[in-house]
Amino acid sequence: MLDNNTNLTENTPVDDLDGEFDVEDTSIRSFLTFMSNGLTYGVDNSYVVEIVNDYSLRPLPMVPDYIRGIFNLRGEVIPVIDLRMRLGCYDNVSSDCTLILKNDHTTIGLIVDQVSQVLDINLRKTVPIPVENKQELTNRMISLADGTVILVLNFEALVA
C-alpha cells in the first residue's frame, strides 16, 4: 500500500499477454490500480493527482448516499465519493484511503479500500465486460499473466 499523501511518479511495466511490450506504442497507458469491495480496478493515471489519507470530511445534506461529503485540499473544496456505495455495496467498511482524481474541469475524491500499484497496460489487450447489463462505471477489463483481473474505471462516467 502507498503512504499518506503520496504523489505518483514510478510505473511498473506489465507485459501484454503475448509477451511483447512496446513503450512507443500509444495504446499503452499508465493505470493506478486499487481494490474496492474485493475487486481490482484501474484508473488512467492521467486523472490521478494524489492519494490522501488524512483529512476532515464534512457531510452534505440532500445528496446521494455515495457522496460522503466534502473536504478542503489546499484551498480547493473537493466532493468525496465512496466507490463501494456508488457501485451499490452498502456494507459498512471503513477506509481512509482516498484518491484525488481530476479531469479538465472536475476534481473529486474517491474512497477506495486499498491502493495497489501503477501499471502500464496495453489498451488493445483489454476486452469488454462480458455481461449484458454492463456497469456504467466500468466498461473494459484485462486479465494479467498472474490471473488478476483489472476492471477499467470510466472516470468520465463517474463524474457525469
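## A walk through the model

Start by selecting Asn37, in the loop that links β2 (28-36) to β3 (39-44). You're looking at a predicted model, so read each stop with that in mind. Check the backbone here: Asn37 isn't a glycine, yet its phi is positive, at about 55 degrees. Its relative accessibility is 37%, which puts Asn37 in the partly exposed class.

Now jump to Arg74 for another backbone of that kind. Arg74 sits in the loop between β5 (67-73) and β6 (76-82), and its phi is positive too, about 50 degrees, although the residue is not a glycine. Is Arg74 buried or exposed? With a relative accessible area of 66%, it is exposed.

**The sheet**

Next, show the cartoon and pick out β4, β7, β8, β6 and β5. In that order they make up an open sheet of 5 strands, with mixed pairing. Its edges are β4 and β5, each of which pairs on one side only. Going from one strand to the next, the twist averages 30 degrees.

Zoom in on β7 (residues 97-102) and β8 (residues 107-112). These two run antiparallel, and 6 bridges join them. For a handle on the register, select Thr98: across from it in β8 is Ile111.

**Two cysteines**

While you're there, click Cys97. It is buried, at a relative accessible area of 3%. Add Cys89 to the selection, and you have another buried residue, this one at 15%. How many disulfides does the structure hold? The count is 0.

**An arginine over a ring**

Select Arg86 next; you'll find it in helix α1 (residues 83-86). Charged or not, Arg86 counts as buried, because its relative accessibility is 19% and the cut-off for buried is under 20%. Show its side chain together with Tyr66: the charged end of Arg86 sits over the Tyr66 ring, 4.9 Å from the ring centre. To fill in the surroundings, add Ile81, Glu136, Leu137 and Leu158, which are also in contact with Arg86 once its neighbours within four places in sequence are set aside.

**An aromatic pair**

Time for some rings. The structure has 3 aromatic pairs; one of them is Tyr47 with Phe155, which is tilted, with 4.6 Å from centre to centre and 35 degrees between the planes. Colour by secondary structure and you'll see that Tyr47 lies in the loop between β3 and β4 (48-52), while Phe155 belongs to helix α2 (residues 155-159), so the pair ties together parts that are 108 residues apart in sequence. Phe155 itself is buried, with a relative accessible area of 1%.

**Last stop: Val152**

Finish by selecting Val152 in strand β12 (residues 149-153). This residue is buried, with 12% relative accessible area. Try a distance label from its C-alpha to that of Leu32: they are 10.0 Å apart in space, and 120 residues apart in sequence.

Which residues does Val152 touch, not counting those up to four places away in sequence? Select Phe31, Gly42 and Thr126, then the run Leu137, Thr138, Asn139, Arg140 and Met141. Leu137 may ring a bell from an earlier stop, as it is also among the contacts of Arg86.

Definitions and conventions. Residues are numbered from 1 along each chain as its sequence is written. This is a predicted model: local features need pLDDT of at least 70, side-chain atom pairs count only at pLDDT 80 or more; totals for chains, interfaces and linings use all residues. Side-chain values use heavy atoms; hydrogens and water are left out. A disulfide is a pair of cysteine sulfur atoms within 2.5 Å. Buried means under 20% relative accessible area, exposed over 50%, partly exposed in between (1.4 Å probe, protein chains only). Helices (H or I, at least four residues) and strands (E, at least two) are DSSP runs, numbered from the N terminus. Contact means heavy atoms within 4.5 Å. Rings of Phe, Tyr and Trp (its six-membered ring) pair if their centres lie within 6.5 Å; planes under 30 degrees apart count as stacked, over 60 as edge-to-face and the rest as tilted. A charge sits over a ring if NZ of Lys or CZ of Arg is within 6 Å of the ring centre and within 35 degrees of the ring normal. Two strands pair if DSSP finds at least two bridges between them. Axes are lines fitted to C-alpha atoms, for helices over the stretch in contact, and angles run from 0 to 180 degrees between N-to-C directions.
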